[in-house]
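Work through these exercises with the sequence and the 3D structure open. Each task is followed by a stepwise solution.

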Amino acid sequence: MYKILLIFLFLSTFSIAQNKDYQTEIKEHRKELNVHFKDKNESPLPHHKIKNFTGLPFFPANEKYKVKAKLEFTFNTPVMYIQDTKGSSEAYQQYALATFKIDGKEFQLSIYQNLELKKKKGYENYLFIPFTDLSNGKTTYAGGRYMDTTIPDEYTGYIILDFNKAYNPYCAYNKNYICPVPPKNNHLNTSILAGVKY
């Protein structure tokens with residue numbers, strides 16, 4: 001019984017430590033995002049709004065929104081053109097389908113590579129996940145949100161998607177920006193209460 005209790009205490013401590021590490025990671029991520037928005041040379045905000053900017057609104061970090069998604073590679077799918085907010089479009093390749101669960105329900109998102117961006121140094125492995133969900137127009141931006149990730153260094157058949165790092169397109173803050181519109185197939189029939197609010 002004593003040994004079982006020790007194991008339980010170790011696992012509990014390990015779990016708490018992991019949670020603290022993750023909370024710190026998210027806190028640092030959000031701090032960097034706020035610094036970016038406050039920087040007059042980088043911020044997507046109109047100049048007259050930067051001075052009074054005090055920080056983005058966020059949902060509390062919740063680890064259930066950091067999901068391990070099964071990858072189904074789709075390298076041979078035709079090039080698709082994702083429409084932007086000005087009515088034009090850009091060429092993307094669907095990299096994979098990601099299947100995951102939240103609260104026991106299964107969902108799927110398409111993961112894309114921008115064909116022009118991947119030619120630029122430093123962006124060869126960049127992956128883009130535009131999505132909409134039931135929170136849009138209520139607690140999040142009506143036009144949907146984005147997540148970024150990279151091609152995994154090692155093939156495992158899975159990828160980590162962290163909705164706690166979901167963010168709004170720049171056009172949510174400034175009409176001078178042109179942003180990709182999340183494709184209809186990337187709609188999640190649930191409210192993703194994670195990441196940046198609006």
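**Exercise 1. Place K138 and decide: is K138 buried or exposed?**

Step 1. K138 sits in the loop between β5 and β6. Helices (H or I, at least four residues) and strands (E, at least two) are DSSP runs, numbered from the N terminus.

Step 2. Apply the cut-offs: buried means under 20% relative accessible area, exposed over 50%, partly exposed in between (1.4 Å probe, protein chains only). K138 has 68% relative accessibility, so K138 counts as exposed.

Step 3. Compare sequence and space. K138 and K20 are 118 residues apart in sequence, and their C-alpha atoms are 30 Å apart.

A note on the source: this is a predicted model, in which local features need pLDDT of at least 70 and side-chain atom pairs count only at pLDDT 80 or more, while totals for chains, interfaces and linings use all residues. Residues are numbered from 1 along each chain as its sequence is written, and side-chain values use heavy atoms, with hydrogens and water left out.

**Exercise 2. Describe the protein as a whole.**

Step 1. Count the elements. The protein has 2 helices and 8 strands. Their order from the N terminus is α-α-β-β-β-β-β-β-β-β.

Step 2. Take the extent. The C-alpha trace spans about 65 × 50 × 35 Å along its principal axes.

Step 3. Take the burial. Of the 198 residues, 40% count as buried.

Step 4. Take the surface. About 12,400 Å² is exposed, and carbon and sulfur atoms supply 55% of it. These areas come from the Shrake-Rupley method with a 1.4 Å probe; for residues, only the protein chains shown count as cover.

Step 5. Take the contacts (heavy atoms within 4.5 Å). Among contacts with a separation of 6 or more, residues 24 or more positions apart account for 61%.

**Exercise 3. Characterise β5: which strands pair with β5, and in which sense?**

Step 1. Set the criterion. Two strands pair if DSSP finds at least two bridges between them.

Step 2. Take β6 (residues 145-150). β5 and β6 pair in the antiparallel sense over 6 bridges. F131 stands opposite R145 in β6.

Step 3. Take β8 (residues 187-188). 2 bridges join β8 to β5, and the two run parallel. T132 has H187 in β8 as its bridge partner.

Step 4. Check the cover. In β5, 8 of 8 residues are buried. In a regular strand the side chains alternate between the two faces of the sheet. One side of β5 carries Y126, F128, P130 and T132; the other carries L127, I129, F131 and D133; all are buried.

**Exercise 4. Follow T149 in β6.**

Step 1. T149 is located in strand β6. Its relative accessible area is 17%, so T149 is buried.

Step 2. List the contacts beyond four places in sequence. T149 touches N125, Y126, L127, I129, I159 and I160.

Step 3. Add a distance. T149 and I111 are 38 residues apart in sequence and 9.2 Å apart in space, C-alpha to C-alpha.

**Exercise 5. Which residues touch the most other members of the largest nonpolar core?**

Step 1. Define the set. A nonpolar core consists of buried Ala, Val, Leu, Ile, Met, Phe, Trp, Tyr and Cys residues joined through side-chain atoms within 4.5 Å.

Step 2. Read off the hubs. The largest core has 23 residues, and F100, I111, L161 and F163 touch the most other members.

Step 3. Assign the strands. β1 (66-73), β3, β4 (105-114), β5 (126-133) and β7 (158-162) each supply at least two residues of this core. The largest share, 5 residues, comes from β3.

Step 4. Look for another core. A second, separate core of 20 residues includes F53, F128, Y146 and Y167.

Step 5. Inspect F53. F53 lies in the loop between α2 (47-50) and β1. F53 is buried because its relative accessibility is 14%. Beyond four places in sequence, F53 contacts N34, F37, K38 and L45.

**Exercise 6. Trace β3 through its two turns.**

Step 1. Start at β2. Strand β2 (residues 80-83) and strand β3 (residues 89-102) run antiparallel, joined by 4 bridges. Q83 stands opposite S89 in β3.

Step 2. Inspect the hairpin. 5 residues separate β2 and β3, and G87 in the turn has a positive phi of about 90 degrees.

Step 3. Move to the loop between β3 and β4, where D103 lies. D103 is not a glycine, yet its phi is positive, near 55 degrees. With a relative accessible area of 60%, D103 is exposed.
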